[in-house]
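Hi,

Here is the structure I said I would pass on. Have a look at it first, and my notes follow below.

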Amino acid sequence: MLEMQNEDKVYGNIAYACTTLQCERGLGNKTAMRWIDAHGGKTDFTFNDLDRESNRFANALDSLGVTKGDIFFTFLPKTPEQFFAFLGILKAQVICGTLFSNFGEEALLDRLGDSGAAGIVTRKGLFKKIMRIRGKLPKLKYIILIDGDGEPERGVFGYKDLTAAARDEYEVQPTTADTPSVLQYTSGSTGKPKGVLHCHGSLQGQMGTARDVLGLRHDDIYWCTADQGWITGTSYGIIGPWSLGITQIHYGGGFDAQAWVDLLAREHVTVWYSAPTALRMLMRSDETIFTSADLSELRSIHSVGEPLNPEVIAWSRRVMNRDIYDTWFQTETGAIMICNRPGMEIFPGSMGKPATGIEPAIVADDGTILKDGEQGNLCIKIGWPSMFSTYLNNESAYASKFKNGYYYTGDTARRDANGYYWFMGRSDDVINTAGHLISPFEIESALLEIDEIAESGVIGAPDELLYEKVVAFVHLHEGVVPTKDLELKIRLHVSNKASSIATPQEIIFCDGIPKNKSGKIMRRVLRARYSGADIGDTSTLEI
Ligand code: WT7
């Protein structure tokens, strides 16, 4: 009996469920991942391969002395090793944090420093970013290079050496639903990014929605375009599909309309999960790319991360003869909460209806539950399986998200009489550019490091392609003249410190930044100034 219980707990381990369990189900020789590199070269990895490679990585971690509860990050573009490492880390019950490969030094330092990360898996090209901040990260003991040799005396290890020496069998220890699993940082409008911590129990939510919302079936070929730095890339680019034994395409190349459509057709993709910015980029390309491609096997297209505008659905209906199913969720929710899904009538512009077991509500600032048609805070009744367990080292921020049994998402929305939810906006100043949440505070801090800049204020402004673009209002020190060179310097600095995605698309030089009496930047005023709208009540303004 006791043995049974332990076995149940092993099944509760996300990485076990995604690999060993699939082999036990008889899918060992099934392709788990078709890896397509940037030049179109293909390598297939079976569930057996995935199991063995992740076992090797888990054994390598054990041999280094990394233990349960330690934090290990991946800092990689899409590469097969990223998937092996992610699963190996979770098998060892080490917490896996994922980082975008375009992160700059400051963004890395915030995340690695706050989490007290024990190690990081990266590659030579990104290594120098880590070395520049390593002196400030005393807890970072292990740097594993997927394409480099080790220098163990410096704490640098070669992935190939480590895994070649490791056994390809691994005994996963009993893993409970509340064992921490995945860590991703999310940006708010003030303060440093917050580490959203998930647990192995989130598997139920990710697996359930991959089956019920994305509609994945055993013979599907599924392609999720999201980067693994993002919750979509882990929940729906790793955990959900592999826990169902589904074959996934992973593509290491960048965006290219022709290459993407070719991939969809040639690989017979049946279910495709992408994002509005990518879809809008496709929409701008030559229509014959789509009309001449054989996409007959593509059963459903899903989207996430930003509002899916009705024009994109109209385009998809016209050019691909298909709907696009919008889905809404957050790093914090871990899995899809509101969605359109195959079989449901779509109202273009609406995010759809709650996923199974999810109970959203539209709530006024005073806590009153609002009626259909009224706009308010989008909240979700607590208790879904993939709910985050905390913001790492920030219990008070975590506690502030919950009131009267509801989780406050930070978005505003309304529900119509048919029960469909419509996204209205965010209730904070966070910028959503191409699906990435960017903190204006992080960019303002980076801008202030530039000698010529006295103060700055950063906002998101509407953009046809990216949904929002980053606009920086910059007040220069007296006597400094704005030039093209200075603009370039500003862009480069933000890109190096924060990330290339956070780099301002527009820089507006101005004579002062509006602030309230306590010195808080009035971004509302900057937004109005940008759009030429009425500035509204400025009674608390200093200038
Ligand atoms: C925020 C969450 C979704 C996982 C990846 C991003 C916005 C997300 C939609 C959508 C309108 C959306 C919200 C949300 N968002 N999906 N379908 N329609 N807005 O996770 O970085 O935590 O961002 O992205 O504002 O709160 P995230």
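Strand 10 (residues 221-224) pairs with strand 11 (residues 247-251) in the parallel sense, over 3 bridges. Bear in mind as you read that this is a predicted model. Within that pairing, Ile221 has Thr247 of strand 11 as its bridge partner. To get from strand 10 to strand 11 the chain passes through helix 10 (residues 231-243), and this β-α-β crossover is right-handed. Strand 10 is also joined to strand 12 (residues 271-274), again running parallel, by 3 bridges. There, Cys224 stands opposite Tyr273 of strand 12.

Moving one strand along, strand 12 and strand 13 (residues 300-304) pair in the parallel sense over 4 bridges. In this case Ser274 has Ser303 in strand 13 as its bridge partner. These strands belong to an open sheet of 9 strands with mixed pairing, in the order 2-1-11-10-12-13-14-15-16. Its edge strands are strand 2 (42-46) and strand 16, each of which pairs on one side only.

Helix 10 deserves a second look. Of its 13 residues, 13 are buried, so the helix is largely enclosed by the rest of the structure. Just after helix 10, Gly245 takes a positive phi of about 75°.

Now the ligand, which is probably what you want to get to. Which residues come nearest to the ligand? Out of the 19 residues around it, they are Asp326, Thr327, Phe329, Gln330 and Thr331. For polar contacts, a nitrogen atom of the ligand sits 2.7 Å from a polar backbone atom of Thr327. A polar backbone atom of Gly305 is 3.2 Å from a nitrogen atom of the ligand. On the side-chain front, Arg426 has a polar atom 3.1 Å from an oxygen atom of the ligand. The protein covers 98% of the 550 Å² of accessible area that the ligand has on its own. Helix 10, strand 14 (324-328) and strand 22 (421-426) are the elements that give two or more residues to the shell around the ligand. Strand 14 provides the largest share of that shell, with 3 residues. If you sort the shell by residue type, you get 9 nonpolar, 6 polar and 4 charged.

There is a second sheet as well. This open sheet has 8 strands in the order 7-6-5-3-4-8-9-19, with mixed pairing. Strand 7 (156-158) and strand 19 (390-391) stand at its edges with a single partner strand each, so one side of each has no neighbour in the sheet. At the strand 19 end, 2 bridges join that strand to strand 9 (residues 194-199), and the two run antiparallel. Val196 has Tyr391 in strand 19 as its bridge partner.

Further into that order is strand 5 (residues 119-122). Are the residues on its faces buried or exposed? Gly119 and Val121 on one side, and Ile120 and Thr122 on the other, are all buried, which leaves both faces of strand 5 covered. As background, side chains in a regular strand alternate between the two faces of the sheet. Strand 5 pairs with strand 3 (residues 71-75) in the parallel sense over 3 bridges, and Thr74 stands opposite Val121 there. The pairing of strand 5 with strand 6 (residues 142-145) is parallel too, over 4 bridges. In that pair, Gly119 has Tyr142 of strand 6 as its bridge partner. Strand 5, helix 7 (residues 124-133) and strand 6 together make a right-handed β-α-β unit.

Two single residues to finish. Ser350 is in the loop between strand 15 (338-339) and strand 16 (353-354). Its relative accessibility is 3%, and with buried meaning under 20%, Ser350 counts as buried. A polar atom of the Ser350 side chain lies 3.0 Å from the backbone nitrogen of Gly352. The other one is Tyr11, which lies in helix 1 (residues 2-11). Tyr11 has a relative accessible area of 30%, so it is partly exposed. C-alpha to C-alpha, Tyr11 and Leu378 are 34 Å apart in space, and they are 367 residues apart in sequence.

Cheers

How values were computed:
Residues are numbered from 1 along each chain as its sequence is written. This is a predicted model: local features need pLDDT of at least 70, side-chain atom pairs count only at pLDDT 80 or more; totals for chains, interfaces and linings use all residues. Side-chain values use heavy atoms; hydrogens and water are left out. Two strands pair if DSSP finds at least two bridges between them. A crossover is right-handed if, with the strands pointing away from the viewer, the path from the first strand over the helix to the second runs clockwise. A residue is near a molecule or strand if one of its heavy atoms lies within 4 Å of it. A polar contact is a pair of N or O atoms within 3.5 Å; within protein, one must be able to donate a hydrogen and the other to accept it, and residues adjacent in sequence count only if both atoms are side-chain atoms. Accessible areas come from the Shrake-Rupley method with a 1.4 Å probe; for residues, only the protein chains shown count as cover. Ala, Val, Leu, Ile, Met, Phe, Trp, Tyr, Cys and Pro count as nonpolar, Asp, Glu, Lys and Arg as charged, and the others, Gly among them, as polar. Buried means under 20% relative accessible area, exposed over 50%, partly exposed in between (1.4 Å probe, protein chains only).
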